[in-house]
Structures are given as structure tokens and as C-alpha cells.
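Me: I'd like to learn how to read a sheet and a loop in a model like this one. Can you walk me through it?

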Amino acid sequence: VQLQPESFVVPSGRPYRVFVQSRDPLGALIDATCTIGEGDDGETFATEGGLAVIEMTGQNVYVSCKTADGTEGSGSIWAPVADDAESLILRADKALYAPGDDMVLTVLGPVEQEVVYVDCIHRGRIVASHTVELVDGEGSTVLSAGEGKSGTLHFTAYFVDENESVVTTDRVAYIRQEGAKVSVSTDADSYLPGAEATLNFKITD
């Protein structure tokens, strides 16, 4: 069982997400029934395709899982907690987008923080910057997946605190790109044994 918090430093007293993977002994993702906590009365959930997302508030997270054939496993993490004034989480509504999809980015920050800035980075270059207004520490912005962009998008959210220190966090999303089409043709319909053949490859994106 593998656990990954959505941020390296989680907010104090605010729910954060933990991504759960359940795998068989060979490492393949597998469905399982899981329990949060080490007792028998913990909350249960199921992984679908070996994946699930849970919400937690504490620093210590323990999850045990059991597959249909009786295979059991567990995983745990300890997540560092940020001060209230320096907590910042950036969420995307999906991890994979098709060209033209709306991308909803949600920012969770300190309650007293009024704005957070979000940069979109594509192929090492900042291609867009957005100002997100926060109400009670939460705000969102909607972007369009596309406009010539494909592959990996990096988002960086940040603000400057009262000590003039930059508080920042990151998120990655992917825009699906259609695969290249490959066609092959030959210089003849048939060949004698041992004869040379010429193959012509045509690739279109």
C-alpha cells in the first residue's frame, strides 16, 4: 500500500487529500478493500483499479488493505504540518485533460490571505499568470486546456507573507495528445525469395 499526500507540507486543521495505491506482490495495481487507522472501527473505502483518494486532517495516516484473494498489506506516512499563515495547497479537478477541456484549479490558503498568484509553465516557459482571489482561504480559477499546449503542464501557486517570504506550492496536469499515425508502403506487391524490398514510412501527427 502506497500513500502520497497532495502536498509535502499539509495545512494545520484543514482536510488534505492522500492518494492511495494498492498493489499485488508483483507491483501491479489491484482492487482492494481498505481501512483507515489501525483499529477495527476505522473508516473503510475501496480502491478502483488500485487507486483511491481519501481526505485526512492528522499528520499520521495509516491504511491497511485486503484484496479479494486475501492478500493483505498496509502503508503509513507522517506528514509535516505548515503554520496557518504559510499553508498553501493547489488542486486540479483532474490529472488528465483532453484539448479544449476546462481546467478548474482550486487554491486553499490562509484565511487572512486575500489573493494568490498562479503561473502556468509549459516546456520550461511561463505561458500564463492568474490572480486568484480568496474568500475564507479558498478560491478557484478556470483555464482552457489547449491553445497549442500539450503534454505536461506545471502550475505554481504562491503569495508573499507578512515577513516578505514567498510561500509556494506546485501541481502537475497533463493534456492528452493524439498519437502519431504511421503508414507503411512497399515498392512492389510481391517479391521473390531473397529479393530486396523498399519500405516507405509516412508519419503524420
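**A buried aspartate and the sheet beside its loop**

Reply: Start with D161, which is buried (under 20% relative accessible area, 1.4 Å probe, protein chains only) yet has no salt bridge (a side-chain nitrogen of Lys or Arg within 4 Å of a carboxyl oxygen of Asp or Glu). The nearest side chain of opposite charge, R14, is 15 Å away. This is a predicted model, where local features need pLDDT of at least 70, side-chain atom pairs count only at pLDDT 80 or more, and totals for chains, interfaces and linings use all residues. Residues are numbered from 1 along each chain as its sequence is written, and side-chain values use heavy atoms, without hydrogens and water.

Me: Which backbone nitrogens lie 3.0 Å and 2.8 Å from a polar atom of the D161 side chain?

Reply: Those of N163 and S165, respectively.

Me: Where is D161 placed, and what is it in contact with?

Reply: In the loop between β16 and β17 (strands are DSSP runs of E, at least two residues, numbered from the N terminus). Beyond neighbours within four places in sequence, D161 is in contact (heavy atoms within 4.5 Å) with E86 and V167.

Me: How do I read the sheet?

Reply: Strands of a sheet pair through backbone hydrogen bonds, either parallel or antiparallel. Here, five strands form an open sheet with mixed pairing, ordered β11-β17-β16-β13-β14; two strands pair if DSSP finds at least two bridges between them. β11 (96–97) and β14 are the edge strands, each pairing on one side only.

Me: Which sense does each pairing of β13 take?

Reply: Antiparallel with β14, over eight bridges, and antiparallel with β16, over six. By contrast, β11 and β17 run parallel, joined by two bridges.

How values were computed
Helix = DSSP H or I, 4+ residues; strand = E, 2+ residues; numbered from the N terminus. Buried < 20%, exposed > 50% of the residue type's maximum accessible area, 1.4 Å probe, protein only. Lys, Arg positive; Asp, Glu negative; His and termini not counted. Polar contact = N/O pair within 3.5 Å; in protein donor to acceptor, adjacent residues only side chain to side chain.
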